[in-house]
Amino acid sequence: MKNTNKSLEFFKVEGKKLLVANPEITPGEVRNILESKHGKMHWKQDGSVVKKGKKGFDYKFKPM
């Protein structure tokens with residue numbers, strides 16, 4: 001799976017929308033849905049998109 005070109009903030013907003021619409025789903029399911037649509041959640045430490053060839057970090061949603 002390719003890395004996303006969307007920011008961390010975008011994923012947080014979209015994740016909250018999914019949780020409001022479907023309160024029974026888990027953070028892991030939210031991650032899977034968003035990654036299937038937008039690519040793997042992988043950013044720099046500040047949440048910005050990693051440029052090609054640079055290192056970044058995989059991100060996971062935590063329960064709210």
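**Notebook: from the overall fold to T4**

**Entry 1: the overall pattern.** I read along the sequence and found that the protein follows the pattern α-α-β-β. The radius of gyration is 12 Å, close to the 11 Å that the globule rule gives for 64 residues, so the protein is as compact as a globular protein of that length. A reminder to myself: this is a predicted model. I counted up the secondary structure too, and it comes to two helices and two strands.

**Entry 2: extent and surface.** I looked up how far the C-alpha trace spans along its principal axes, and got about 40 × 20 × 15 Å. Next I checked the accessible surface, which comes to about 4,900 Å². Carbon and sulfur atoms hold 54% of that surface. I then asked how many of the 64 residues count as buried, and the share is 25%.

**Entry 3: contacts along the chain.** I took the contacts with a separation of 6 or more and looked at how far apart the partners sit in sequence. Residues 24 or more positions apart account for 58% of them.

**Entry 4: helix α1.** I turned to α1, which has 14 residues. From its first C-alpha to its last it reaches 20 Å, close to the 20 Å expected at 1.5 Å a residue. Which residues of α1 are buried? I found L8, F11, G15 and L18. They cover an arc of only 85 degrees around the axis, which puts them on the same side of α1. I looked at the other side of α1 as well, and there E9, V20 and A21 are exposed. What do the buried residues of α1 pack against? My note says α2 (27-38) and β1 (42-43).

**Entry 5: T4.** I wanted to follow one residue in detail, and I picked T4, which lies in the segment before α1 (8-21). Is T4 buried or exposed? Its relative accessible area is 4%, and buried means under 20%, so T4 is buried.

**Entry 6: polar partners of T4.** I checked the side chain of T4 for polar contacts. The side chain reaches the backbone oxygen of H38 at 2.9 Å. A polar atom of the T4 side chain also lies 3.0 Å from the backbone nitrogen of K6.

**Entry 7: what T4 touches.** Last, I listed the neighbours of T4, not counting residues up to four places away in sequence. T4 touches F11, H38, G39, K40, M41, H42, W43 and V49. I had already met two of these names: F11 is one of the buried residues of α1, and H38 gives the backbone oxygen that the T4 side chain reaches.

Definitions and conventions. Residues are numbered from 1 along each chain as its sequence is written. This is a predicted model: local features need pLDDT of at least 70, side-chain atom pairs count only at pLDDT 80 or more; totals for chains, interfaces and linings use all residues. Side-chain values use heavy atoms; hydrogens and water are left out. Helices (H or I, at least four residues) and strands (E, at least two) are DSSP runs, numbered from the N terminus. Buried means under 20% relative accessible area, exposed over 50%, partly exposed in between (1.4 Å probe, protein chains only). A polar contact is a pair of N or O atoms within 3.5 Å; within protein, one must be able to donate a hydrogen and the other to accept it, and residues adjacent in sequence count only if both atoms are side-chain atoms. Contact means heavy atoms within 4.5 Å. The expected span of a helix is 1.5 Å times one less than its number of residues. The arc is that of the directions from the helix axis to the C-beta atoms. The radius of gyration is taken over C-alpha atoms; the globule rule is 2.2 Å times the number of residues to the power 0.38. Accessible areas come from the Shrake-Rupley method with a 1.4 Å probe; for residues, only the protein chains shown count as cover.
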